[in-house]
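Subject: A structure for you to look at

Hi there,

Here is the structure I promised to pass on to you. Please open it and turn it around a little before you read my notes below.

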Amino acid sequence: MTTPTKQSDLRATLRGGLPDRYLTPDDIAEIFEVPLETVYQWRRKHTGPPGFRIGKYVRYDPADVRAYVTHCKSADRDAA
């Protein structure tokens, strides 16, 4: 379980600018407050923020995550 401080740090990172590291699936689950399995399902279904592999590990570029959120917000506004 993550501490409230770590969770706040992750969200602040996305709002305030790019972090100095790539994000893990656990980070994505924490940021979006979804179960880790949901993040893996997004990847299998090609929905959610785009990730990439580094060897056997999946990582997410914070810029791509931010672009994904912007796209979702825009699509939601257009649908309303």
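What follows is a short tour of what was found in it.

Please keep in mind that this is a predicted model. The overall layout is a good place to begin. The protein chain has four helices and two strands, and from the N terminus on they come in the order α-α-α-β-β-α. Of the 80 residues in the chain, 21% are buried. The accessible surface adds up to about 5700 Å², and carbon and sulfur atoms hold 54% of that. Among contacts with a separation of 6 or more, 40% are between residues 24 or more positions apart.

Next, have a look at the core. In soluble globular proteins, nonpolar side chains tend to be buried together. Here the largest nonpolar core has nine residues: L23, I28, A29, I31, V39, W42, V58, Y60 and V65. Two elements, helix 2 (25-32) and helix 3 (36-45), each give two or more residues to this core. Helix 2 is the biggest contributor, giving three residues. If you would like to see how one core member is packed, pick V58. Leaving aside residues up to four places away in sequence, V58 touches L23, T24, P25, R43, F52 and R53.

Helix 2 deserves a closer look. Is it enclosed or open? Helix 2 is largely enclosed by the rest of the structure, because six of its eight residues are buried. Those six are P25, D27, I28, A29, E30 and I31. Just after the helix, E33 takes a positive phi of about 55 degrees.

One residue of helix 2 that I would point out is D27. With a relative accessible area of 4%, D27 falls under the 20% limit and therefore counts as buried. What does its side chain make a polar contact with? The partner is the side chain of R21, at 2.7 Å.

Finally, the aromatic rings. There are three aromatic pairs in the model. One of them joins Y22 and F52 edge-to-face, with 5.1 Å from centre to centre and 85 degrees between the planes. This pair links distant parts of the chain, since Y22 sits in the loop between helix 1 (4-16) and helix 2, while F52 lies in strand 1 (residues 52-54), 30 residues apart. Both rings belong to partly exposed residues: Y22 has a relative accessibility of 43%, and F52 has 25%.

Another pair, F32 with W42, is also edge-to-face, at 5.8 Å centre to centre and 80 degrees between the planes. Here F32 in helix 2 is linked to W42 in helix 3, ten residues apart. What is the accessibility of each partner? F32 is partly exposed at 25%, whereas W42 is buried at 19%. The limit for buried is under 20%, so W42 falls on the buried side of it. W42 is also one of the nine core residues. Ring pairs join F32, W42 and Y68 into a cluster.

When you go back to the picture, you could start from W42, which belongs to both the core and the ring cluster. From there, follow helix 2 to D27 and its contact with R21.

Enjoy exploring, and write back with any questions.

Best wishes

Notes: Residues numbered from 1 in each chain as written. Predicted model: local features only at pLDDT ≥ 70, side-chain atom pairs only at ≥ 80, totals over all residues. Heavy atoms only, no water. Core = buried A, V, L, I, M, F, W, Y, C linked by side-chain atoms within 4.5 Å. Buried < 20%, exposed > 50% of the residue type's maximum accessible area, 1.4 Å probe, protein only. Contact = heavy atoms within 4.5 Å. Polar contact = N/O pair within 3.5 Å; in protein donor to acceptor, adjacent residues only side chain to side chain. Phe/Tyr/Trp six-rings, centres within 6.5 Å; stacked < 30°, edge-to-face > 60°. Areas by Shrake-Rupley, 256 points an atom, 1.4 Å probe, with all protein chains shown as cover.
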